[in-house]
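Trainee: I would like to learn how to read a few features of a protein model. Could we start with the ligand and then work outwards?

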Amino acid sequence: MTNSLLPYSLSPASAHPIPALADLMTRSFEGYLVPINITEAVMHTMIRRDGIDLTASRVLTKDNEPVGIAFIARRGWTSRLAAMGITMNVRKDGAGTWTMEQLIEEARGRGEKEMLLEVIEQNTAGVKLYEKVGFKKMRRLVGYKLDLTSAPAAGDSGLSKQMDIEEIDIRELARTVAYHGLKDLPWQLSGATIMQYTPPARAFKLNDAYCLISNPEGADIAIHSVLVKARSRGAGLSAVLMRGLFAKFPNKIWHVSPIYPEEMGFIFEHVGMEREPLSQWQMSRVL
Ligand SMILES: CC(C)(COP(=O)(O)OP(=O)(O)OC[C@H]1O[C@@H](n2cnc3c(N)ncnc32)[C@H](O)[C@@H]1OP(=O)(O)O)[C@@H](O)C(=O)NCCC(=O)NCCS
């Protein structure tokens, strides 16, 4: 996989040690819109949770020096560009375009039918690169935040809602998402990804509403999944469950990553959460 015009070549990420991949990813994301520091542990979690296939992922080298990385996750006929970065010294030289063209050809060669990715909307270089190689915007993905560190304690009504909340196995929530969630949910919200979560993350249920959160012992809690079964939608059940969790774990800062379809945003607005300034495009490329 060497280019005869450009001095670049690609090798399987599986041929490189995990700490070297983590370091290369950190260096490839220098100057990014959000600070990126990939440790070995983070790398292992990405590989396991997101279904990254290291044999299909690529390290980009120029004159035998690693200068870029592309992680590919795979499920059935679909792959996802889980992360892609080129080190600062070789950006704007066509390396990103060339690498993407190779990745698309390789995915076709594996018999896949679609490649997905998410890119921060404000990342001009990323959006331009992906549109140039044929990706189309599917929808905007948004995130939210709510700081309840100085909120007054919930009254009796908060307590009674908490009592109806039942803790369930994360696998039960994942099965429900796979069955009742949108078919084209972003990769990180899909039932297959949710299935990989383990304690200290915790899953809760209130009638037909479900919610997966990160370790509630921490000062910050992430909402990894919210779902209401189709037959009970439109009755504000997700808001009742989320308010119940806010009361059960008081004085926390609640976070929703910008991976939720914009059309779902109202469920977070209903509970008083504020939209985060960074949003993403979910993009797709037919192969
Ligand atoms: C996004 C990134 C991978 C692009 O790699 P690259 O090697 O610089 O890409 P290319 O040189 O092939 O450029 C691709 C297109 O984007 C344009 N582009 C590149 N950087 C740009 C910038 N900072 N602003 C505007 N356009 C830019 C190029 O001009 C080119 O378009 P053109 O052919 O119409 O001129 C690189 O900037 C990067 O690694 N950024 C940090 C990590 C990141 O953002 N990853 C993507 C999100 S996961």
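Trainee: How many residues surround the ligand, and which are the closest?

Mentor: The general idea is to list the residues near the ligand and treat them as a shell. In this predicted model, 22 residues surround the ligand. The closest are Arg 91, Gly 96, Thr 97, Ala 125 and Gly 126.

Trainee: Which helices and strands each supply at least two residues of that shell?

Mentor: Strand E4 (78-86), helix H3 (95-109) and helix H4 (124-132) do. The largest share is that of H4, with six residues.

Trainee: How does the shell around the ligand divide by class?

Mentor: Nine of its residues are nonpolar, eight are polar and five are charged.

Trainee: Next, burial. Is Leu 129 buried, partly exposed or exposed?

Mentor: The general idea is to count C-beta neighbours and compare the count with cut-offs. A residue with 20 or more other C-beta atoms within 10 Å is buried, one with 12 or fewer is exposed, and one in between is partly exposed. Leu 129 is found in helix H4. Leu 129 is partly exposed because 18 other C-beta atoms lie within 10 Å.

Trainee: Which residues does Leu 129 touch, not counting those up to four places away in sequence?

Mentor: With those left out, Leu 129 touches Gly 96, Thr 97 and Met 100. For Met 100, separation in sequence and in space can be set side by side: Leu 129 and Met 100 are 29 residues apart in sequence, and 8.5 Å apart in space from C-alpha to C-alpha.

Trainee: Where is Lys 92 placed, and why does Lys 92 count as exposed?

Mentor: Lys 92 sits in the loop between E4 and H3. Lys 92 counts as exposed because it has 9 C-beta neighbours inside 10 Å. Its distance to Gly 109 can be read in the same manner: Lys 92 and Gly 109 are 17 residues apart in sequence and, C-alpha to C-alpha, 27 Å apart in space.

Trainee: What domains is the protein divided into, and how many residues of each are in contact?

Mentor: Here the general idea is to take the bounds, then the centres, then the contacts. The division is into domain 1 (8-112) and domain 2 (142-283). Their C-alpha centres lie 30 Å apart. Eight residues of domain 1 are in contact with six residues of domain 2.

Trainee: Which elements give two or more residues to the domain 1 side of that contact?

Mentor: They are helix H2 (40-50) and strand E3 (65-75). H2 gives the most, with three residues. By class, that side of domain 1 has two nonpolar residues, one polar and five charged.

Technical notes:
Residues numbered from 1 in each chain as written. Predicted model: local features only at pLDDT ≥ 70, side-chain atom pairs only at ≥ 80, totals over all residues. Near = placed C-beta within 6 Å. Helix = DSSP H or I, 4+ residues; strand = E, 2+ residues; numbered from the N terminus. Nonpolar A, V, L, I, M, F, W, Y, C, P; charged D, E, K, R; others polar. Contact = placed C-beta atoms within 7 Å. Domains from an automatic or database assignment.
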